[in-house]
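Good morning, colleagues. Today I shall present one structure, and I ask you to keep the sequence and the model in view as I speak.

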Amino acid sequence: MNAARMTALLGLATMMSGCVSLSRSAAVDDLPADWRSQARISEVRLTRGDLKVTDGFDALFKQRVQAKLDGCAKGQRPLRLEVKLDRFDKANPAMTALVGGANVLRSQARLVDVRTGRTVGDYAIGKTIVGSRLAVIKMGEAEEQLSDAFGEELCAQAFPATVATR
């Protein structure tokens, strides 16, 4: 499919639904199968550079990501999630109201065995949510939207069997 046609279809989908979600996530070092069924996330640690976020963002991110992971990682073996947030772009509300906008997240997620300190899973998590003028309010909640999207993406990457059965 050529680029112009793909862009037109993406634009049409955005106008019809208000938002389109695009994933750029991939396993760098996939979680072993036994961990997928037996793991739970006991702690979320977040590091980030000088990103434009609100003062309460770190707590909000940890809480929303933990809530998503509690739904897909229900085992007994504790893992620590170490997140390095590299990019967090929020759509400009005025531009979104006129023509649309995008909220963008790029990060690294490491799953660490709490007992040994060994990294057992490593993922590049990327999410772009494109919103039309119809979604200006939803796009304005970028911190909540992208925190939830991060948790959902990590569930889909690291714990796919539990995501499919939800």
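Let me begin with a question: which residue in S4 is the bridge partner of Ala-39? The partner is Arg-77. Before going further, I should state that this is a predicted model.

That pair belongs to a longer strand pairing. Strand S3, residues 39–48, and strand S4, residues 77–89, run parallel and are joined by nine bridges. Helix H3, residues 57–70, completes the unit: together with S3 and S4 it makes a β-α-β unit, and that unit is left-handed.

Let me place this within the whole chain. The protein chain has seven helices and six strands. Read from the N terminus, their order is α-β-β-α-β-α-β-α-β-β-α-α-α. Of the 166 residues in the chain, 40% are buried. Among contacts with a separation of 6 or more, 75% are between residues 24 or more positions apart.

I turn now to helix H6, which covers residues 142–158. From its first C-alpha to its last, this helix of 17 residues reaches 24 Å, close to the 24 Å expected at 1.5 Å a residue. H6 is mostly covered, with 13 of its 17 residues buried.

H6 also takes part in a disulfide. A disulfide is a covalent bond between the sulfur atoms of two cysteines. The count here is one: Cys-72 is joined to Cys-155, with an S to S distance of 2.0 Å. The angle about the S-S bond is -75°, and the link is left-handed. What does this pair tie together? Cys-72 lies in the loop between H3 and S4, whereas Cys-155 lies in helix H6, so the pair ties together parts that are 83 residues apart in sequence. Both Cys-72 and Cys-155 are buried.

Finally, the interior. The largest nonpolar core has 33 residues, and those with the most contacts inside it are Leu-31, Ile-41, Leu-81, Leu-111, Phe-150, Leu-154 and Phe-159. Two or more residues each come from S3, H3, S4, strand S5 (101–113), strand S6 (119–131) and H6. Which element gives the largest share of this core? That element is H6, with six residues.

Leu-31 deserves a closer look. Setting aside neighbours within four places in sequence, Leu-31 is in contact with Arg-36, Leu-79, Leu-111, Val-120, Gly-121, Tyr-123, Ala-158 and Phe-159.

To close, I would draw your attention once more to H6: this helix holds Cys-155, and the largest share of the core comes from it. Thank you.

Methods:
Residues numbered from 1 in each chain as written. Predicted model: local features only at pLDDT ≥ 70, side-chain atom pairs only at ≥ 80, totals over all residues. Heavy atoms only, no water. Helix = DSSP H or I, 4+ residues; strand = E, 2+ residues; numbered from the N terminus. Expected span 1.5 Å × (residues − 1). Buried < 20%, exposed > 50% of the residue type's maximum accessible area, 1.4 Å probe, protein only. Pairing = 2+ DSSP bridges. Right-handed = clockwise from strand over helix to strand, strands pointing away. Disulfide = S-S within 2.5 Å. Core = buried A, V, L, I, M, F, W, Y, C linked by side-chain atoms within 4.5 Å. Contact = heavy atoms within 4.5 Å.
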